[in-house]
Amino acid sequence: MNRPIPFSATLIALAIASPPLLAADNTQLQQLQQEIAAMRKDYEKQLNALEARLKQAEASLATQAASAGQLPAAQAAPSSAPTVAVATPPPSAGAPAAARATGKGFNPDIALVLAGSYASFSKDPTQYRIPGFLTGGEIGPGVQGFSLGESELTMSATIDPWFYGSMSVALAADNSASVEEAFIQTTSLPGGLGLKAGRFLASVGYQNDKHAHTWDFINAPLAYQVFLGGALAQDGLQIKAVLPTSQFIELGGGIGAAGEYPSGTGNRKKPGTGTLFAHTGGDVGASNSWRAGASMVWAKAYDRPFEDIDSAGNPVSNVFTGNTRLGILDAVWKWAPNGNSTRTSLTLQGEYFRRLESGSLVYDEGGQALADSFRSAQSGWYAQAVYKFLPEWRVGLRYDRLDVGNVNASSNTANLYLPSYSPNRTTLMFDWAPSEYSRVRLQLAQDRARYGLTDNQIMIQYMMSLGSHGAHGY
């Protein structure tokens, strides 16, 4: 009886009958296995590289989304302010965890802004006084001739999932350096809350918390110079909250130590300044956006000195001790076709200030030292328009005005120089920005802040940015 030959027996028979063929098959099989192993290794290498690139892209997008999340819809419109080197902003409280977890404490972003200027004034700037106001801080148009200007070095980084840190050092023309800001800021508080601690520019008004290289004009408005000494900086704490509403609403406040104008010198263990502020804004169609706000500043002045002139026009040093209350209203309107400001845009901006002061004034501290009570109610405002008529060119016009208001220095009233006059200034600006890293500006002004004098001013300024930079606020 014939039985079927098993399959295994057939393979053995073939192997015995054809040994060369089986050896060739084994060699091919080994080669295929080696090729597959090589392909797998190369595939895994490429897959790891793609995964790394994907993580970097996700982190970058998350950081950008977090930065954008700090702004209301009104602030999402492109800004007509100069885009120059600044530190990358911290992620917001609502940012994705991947963005907040990225720490760069040992590899901070570094930004350097180089600035210089040339100025020509028809009146001596060293004799600059604004009569009738108790001033302090940075007053006046600056120095004549060539000047290094105020350059700025900023280092910043996301420290860990909870904190962001930044420090800005201002380098002046006289080779001095001062810490303009040095603060930490929370990034993960719930409910749209953000806490800032250290030295910072307070978020009162519109322009106060913006660095000088982002301004549309070379110098600060007269109201900022008189009422805030150029800008209000606090050594203390500030908290902000963005409400969960369809319209952008931001509320906040801060507290700072005594020492900086308008608080003056004194016991730094006690708070010297307090602030409250509220801002709101939104979009009007695709081409328009706006923001408006109200702020209050309280300051306790401890022996705050200021340089003045007496009724005969002679320089005199006085000292004020008392309370300052300053209210600020601000509004900004921005237009750009379909929200795209790269080619053309228009920005309208204005702020109104009203200050009440009460306390005691020591007239001619180094001489007669006449002390008596002091009260004043004064105000000031500015309005400006900046129009970008070509992608690289802008023109701007600003008008400043102050009102001496009511000043009662009791027995010292006759000694003070209080002319019935409203200091004012008109400024015209042209600037050219061939890229986001460079700007050259020409500014012409008629300054009538000094009673009976018109100071014709010509200024030329350059600003160049190096290093890390990001978008500025609205």
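**Long-range contacts, core and pocket in a predicted model**

Of the contacts in the protein chain with a separation of 6 or more, 64% join residues 24 or more positions apart; contact means heavy atoms within 4.5 Å. The model is predicted: local features need pLDDT of at least 70, side-chain atom pairs count only at pLDDT 80 or more, and totals for chains, interfaces and linings use all residues. Residues are numbered from 1 along each chain as its sequence is written, and side-chain values use heavy atoms, with hydrogens and water left out.

The protein chain holds four helices and 17 strands. These are DSSP runs numbered from the N terminus (helices: H or I, at least four residues; strands: E, at least two). The chain has 474 residues, of which 43% count as buried. Buried means under 20% relative accessible area, exposed over 50%, and partly exposed in between (1.4 Å probe, protein chains only). The exposed surface of the protein chain is about 23400 Å², with 61% supplied by carbon and sulfur atoms. Accessible areas come from the Shrake-Rupley method with a 1.4 Å probe; for residues, only the protein chains shown count as cover.

The largest nonpolar core contains 34 residues. Such a core is a set of buried Ala, Val, Leu, Ile, Met, Phe, Trp, Tyr and Cys residues joined through side-chain atoms within 4.5 Å. Ile130, Phe227, Phe353, Phe374 and Leu402 touch the most other members. Two or more residues each come from helix H4 (222-228) and from strands S10 (288-309), S11, S12 (345-363), S13 (370-390) and S14 (393-408). H4 gives the largest share, six residues. Ile130 is in contact with Ile139, Leu222, Val226, Leu402, Pro423 and Ala449, leaving aside neighbours within four places in sequence.

The second largest pocket holds about 1500 Å³ of space. On a 1 Å grid over the protein atoms alone, a pocket is an open set of points with protein on both sides within 12 Å along at least five of seven lines, whereas a cavity is a set where a 1.4 Å probe fits but cannot get out; lining residues have an atom within 4 Å of a point. Grid points are joined across faces, edges and corners, and a volume is the space filled by probe spheres set on the points. Fifty residues line the second largest pocket, and Glu138, Glu150, Ala172, Ala212 and Trp215 lie nearest its centre. Strands S1 (109-121), S5 (177-186), S6 and S17 (455-467), together with H4, give two or more residues each to this lining. The largest share, six residues, comes from S1.

Ile110 is placed in strand S1. Ile110 is partly exposed, because its relative accessible area is 43%. Its C-alpha atom is separated by 6.7 Å from that of Ser156, 46 residues apart along the chain. Leaving aside neighbours within four places in sequence, Ile110 is in contact with Leu153, Thr154, Met155, Leu466, Gly467 and Ser468.

Strand S11 (residues 315-335) includes Ala331. Ala331 has a relative accessible area of 40% and is therefore partly exposed. The C-alpha atoms of Ala331 and Ala294 are separated by 9.1 Å, with these positions 37 residues apart along the chain count. Beyond neighbours within four places in sequence, Ala331 is in contact with Arg291, Ala292, Leu348, Gln349 and Gly350.

Ala286 lies in the loop between S9 and S10. Its relative accessibility is 54%, so Ala286 counts as exposed. Ala286 and Asn340 are 54 residues apart along the chain, and their C-alpha atoms are separated by 9.3 Å. Leaving aside neighbours within four places in sequence, Ala286 is in contact with Ala336, Asn338 and Gly339.

Thr214 sits in the loop between strand S6 (193-201) and H4. Thr214 counts as buried because its relative accessibility is 10%. Its side chain reaches the backbone oxygen of His211 at 2.7 Å.

Backbone geometry supplies further detail. Most residues other than glycine have a negative phi, and most peptide bonds are trans. A cis peptide bond joins Tyr261 and Pro262, with omega about 10°. Pro262 is found in the loop between strand S8 (248-257) and strand S9 (271-284). Asp364, not a glycine, has a positive phi of about 55°. Asp364 lies in the loop between S12 and S13, and counts as buried because its relative accessibility is 18%. Ala369 lies in the loop between S12 and S13. Ala369 has a positive phi of about 50° although it is not a glycine. Its relative accessible area is 40%, so Ala369 is partly exposed.

Note on methods. A polar contact is a pair of N or O atoms within 3.5 Å; within protein, one must be able to donate a hydrogen and the other to accept it, and residues adjacent in sequence count only if both atoms are side-chain atoms.
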